[in-house]
Amino acid sequence: MRAPCLKLHLAPLAILAALACACICGCSPKGPMFPLDNPAPRADTHSYAKPEEWKMTRVFLDLDVDFHRKVLRGTALLDLEHGPGSPAAAVILDTRALTVEKAEWSASQGAKPGAEAETWSDAEFSLGPDDPILGAPLRIELPAEARAVRITYETSPGAVALQWLEPAQTAGKKQPFLFSQSQAIQARSWIPLQDSPGIRVTYGAKIRVPRPLRAVMSADTNPFAEDASGKAIDASTLEFRFDQPKPIPSYLIALAVGDLAFANLDPRGGRQGRTGVYAEPSVLPRAASEFADTEKMVESIEARFGPYRWGRYDLLILPPSFPFGGMENPCLTFATPTVIAGDKSLVSLVAHELAHSWSGNLVTNATWRDFWLNEGFTTYLERRILEDIYGKDRADMEAVLGYRTLLDEMKTLPEKDQILYVDLKGRDPDDGFTQVPYEKGALFLRTIEGAVGREKFDAFLRSYFDKYAFQSITTQDFLGELADAFFREDPRLGSKIPVLAWVTQPGIPEGAAIPSSPLLKHVAEAAAAFADGKTQAASVPFKRWSSLEQLHFLRSLPKGLDAARMKALDEAFGLTHSGNSEVAAEWLLMSVRNGYSPAYPRLESFLIEVGRRKFIKPLYEELVKTPEGRARALAIYAKARPGYHPMAVATVDGILQGKGK
Ligand code: BES
Ligand code: ZN
């Protein structure tokens with residue numbers, strides 16, 4: 001922070017004197033106090049779009065969901081605004097493996113609910129070369145008076161955002177299922193649009209699905225009328241209508257179709273409530289009791305950080321092939337069923353996805369370089385919710401476990417990927433999906449909270465969310481707010497918290513507010529005593545512990561354990577058959593590492609059933625370390641691959657081909 005000021009000592013005395021005061025109160029009042037070396041921080045290297053020429057403002061989708069051909073087919077209508085000066089001759093959209101049949105333009109905007117643009121004229125269009133990361137640019141020629149384009153298109157069965165599930169992959173086994181996963185740059189594989197988080201749209205949709213399936217979207221779905229405001233368009237097909245009136249980035253547009261039922265989660269009940277859960281009918285009762293605290297969570301975060309601005313907050317429980325833990329699609333968080341543990345022990349996921357309704361969905365990273373603004377803030381807020389509802393012990397345990405995973409992963413990451421403001425140019429934004437934006441980001445915020453005090457920091461966050469509501473911002477924007485709120489007025493703070501080092505350097509800067517948990521300290525001691533042979537497995541109170549303590553115990557054991565110890569642990573704690581997915585995944589990893597064969601049948605069934613990348617990636621990575629393990633991995637993967645989401649397939653293909661991603 002001092003560096004730019006130091007340069008000034010070379011300047012003539014008068015200038016020096018003039019700037020000295022500015023320096024004390026934070027360098028030049030005009031230039032940033034924490035300058036990042038990036039002249040165009042808003043430029044998104046992961047999109048072909050040129051929003052300064054033409055910018056989409058609303059998307060309207062009119063799609064048929066074809067389970068037989070595994071395609072979506074129909075039209076995307078984009079309302080457009082042009083930049084200053086005379087409009088460019090063409091708009092450029094992002095696409096990936098889309099078949100574009102037709103493009104049209106209209107002089108009136110057509111995407112408003114109910115309003116159809118009057119006349120459409122054919123527009124010339126061309127698809128550019130296909131890039132393995134970015135897909136292909138779609139160029140549509142436009143006259144200056146154009147205010148909307150309409151594209152008739154079809155997705156491909158391999159669209160990376162979409163997973164088409166056979167009935168056998170669902171809980172009910174009778175109906176197929178479809179879901180989308182648009183983050184980070186996959187929306188373009190099911191909608192031709194400007195696929196950049198710096199560009200926001202409202203959206204609407206008409207989605208036709210075969211009976212008796214139900215469509216839900218990240219929009220104002222009405223859970224009480226079976227077909228929302230839609231109507232049956234013929235005997236065999238239902239049409240669902242949606243509207244998302246708040247401007248959101250494209251990666252938050254989401255769709256799921258399946259045999260879905262709904263349960264209210266709000267104590268106010270019925271139509272007075274705002275929280276609920278969708279799941280397949282056989283999963284619904286377990287889901288509803290696991291997530292019973294959802295409304296309390298919304299109230300906790302609202303009380304501190306401002307109103308929930310999205311209408312309803314519902315959860316959608318997907319089949320176990322969902323490649324993530326959760327995805328914060330507005331109004332409707334998508335979640336893996338592997339967090340239904342029966343004891344609410346994994347509901348931090350709901351706290352996390354809900355918190356994105358402030359950090360991420362309301363205030364959004366402008367580019368994928370700024371991803372830590374989404375995830376670091378959310379991880380921080382998640383723990384604040386947990387502390388409010390379940391107490392400080394629980395929040396501290398989550399923070400310690402998170403910090404430990406960060407340290408473990410950082411050992412394997414090159415320095416350039418340990419940086420919050422990570423340079424992803426020319427790379428897949430998925431490369432930035434590490435613990436760094438999450439846990440290092442949260443640690444940074446926790447450190448600031450510790451230095452300025454919780455009350456001031458909460459007030460700061462609340463006004464930050466208000467000021468930037470429904471906007472996409474850069475790391476530089478955030479650093480400006482931080483400087484204005486705290487650092488300009490208190491020069492000593494800068495020596496306690498090296499802000500630029502936090503954001504632009506690898507590793508963990510000095511002075512970080514490292515989390516600690518007395519409960520977990522106890523657990524680590526128990527693990528050490530067992531490892532040293534001082535206690536037997538039977539006298540470890542494992543079954544009385546929460547799953548967070550159980551996880552910490554397993555992670556605190558030495559990496560290498562002999563067969564007798566593995567067996568003793570398994571017999572005492574029933575680990576191979578643990579019903580807690582986190583504990584089971586950890587145990588299976590230990591089993592692979594130590595060649596503990598009684599766990600292999602569960603390893604196989606787990607890898608076939610569950611497609612959550614966080615679990616399957618480390619297991620395959622561990623397996624391929626030995627020739628025998630590699631053979632086992634290949635045999636299991638041959639059975640599991642058809643059931644994985646395209647993103648999980650890409651990850652595991654990479655591991656088995658030795659690319660390690
Ligand atoms: N938004 C992320 C998931 C994501 C990030 C998908 C980047 C694609 C690209 C979501 O909020 C998330 O962080 N999910 C976590 C769970 C959470 C409790 C840490 C996950 O899925 O593991
Ligand atoms: Zn997240």
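**Exercise 1. Classify Lys70 by its accessibility, then describe its backbone and its place in the chain.**

Step 1. Lys70 has a relative accessible area of 25%. Buried means under 20% relative accessible area, exposed over 50%, and partly exposed in between, with a 1.4 Å probe and protein chains only. Lys70 is therefore partly exposed.

Step 2. Its phi is positive, about 55 degrees, although Lys70 is not a glycine.

Step 3. Lys70 sits in the loop between strand 1 (54-66) and strand 2 (71-82). Strands (E, at least two residues) and helices (H or I, at least four) are DSSP runs, numbered from the N terminus.

The model is predicted: local features need pLDDT of at least 70, side-chain atom pairs count only at pLDDT 80 or more, and totals for chains, interfaces and linings use all residues. Residues are numbered from 1 along each chain as its sequence is written, chains are lettered from A and ligands numbered from 1 in the order in which they are written, and side-chain values use heavy atoms, with hydrogens and water left out.

**Exercise 2. Treat Lys173 in the same steps: phi, loop, accessibility.**

Step 1. Phi of Lys173 is near 65 degrees, a positive value in a residue other than glycine.

Step 2. The loop that holds Lys173 runs between strand 9 (162-165) and strand 10.

Step 3. Lys173 has a relative accessible area of 51% and is therefore exposed.

**Exercise 3. Locate the cis peptide bonds at Ala184 and Pro212.**

Step 1. The bond from Gln183 to Ala184 is cis, with omega near 0 degrees. Ala184 belongs to the loop between strand 10 (177-180) and strand 11 (200-210).

Step 2. Arg211 and Pro212 are also joined by a cis peptide bond, with omega about 0 degrees. Pro212 lies in the loop between strand 11 and strand 12 (214-217).

**Exercise 4. Find salt bridges and state the burial of the partners.**

Step 1. Start from the principle. Side chains of opposite charge can pair when their charged atoms come close.

Step 2. Apply the rule: a side-chain nitrogen of Lys or Arg within 4 Å of a carboxyl oxygen of Asp or Glu. The count comes to 53 salt bridges.

Step 3. Take Arg241 and Glu239, which meet at 3.2 Å, N to O. Arg241 is partly exposed because its relative accessibility is 33%. Glu239, at 4%, is buried.

Step 4. Take Asp266 and Arg268, whose closest N and O atoms are 2.9 Å apart. Asp266 is buried at 3%. Arg268 is partly exposed at 48%.

Step 5. Asp484 and Arg488 form a salt bridge, with closest N and O atoms 2.9 Å apart.

Step 6. Look for shared partners. Arg304, Arg384, Glu387, Asp388, Glu449, Arg454 and Asp458 are joined into one network by salt bridges that share partners.

**Exercise 5. Describe the second largest pocket: volume, lining, contributing elements and residue classes.**

Step 1. On a 1 Å grid over the protein atoms alone, a pocket is an open set of points where a 1.4 Å probe fits, with protein on both sides within 12 Å along at least five of seven lines. A volume is the space filled by probe spheres set on the points, which are joined across faces, edges and corners. The second largest pocket holds about 600 Å³.

Step 2. Lining residues have an atom within 4 Å of a point. There are 31 of them, and Pro320, Pro337, Thr338, Glu609 and Val610 lie nearest the centre.

Step 3. Helix 17 (600-609) and helix 19 (627-640) are the elements that give two or more residues to this lining. Helix 17 gives the most, with five residues.

Step 4. Sort the lining: 15 nonpolar, ten polar and six charged residues. Ala, Val, Leu, Ile, Met, Phe, Trp, Tyr, Cys and Pro count as nonpolar, Asp, Glu, Lys and Arg as charged, and the others, Gly among them, as polar.
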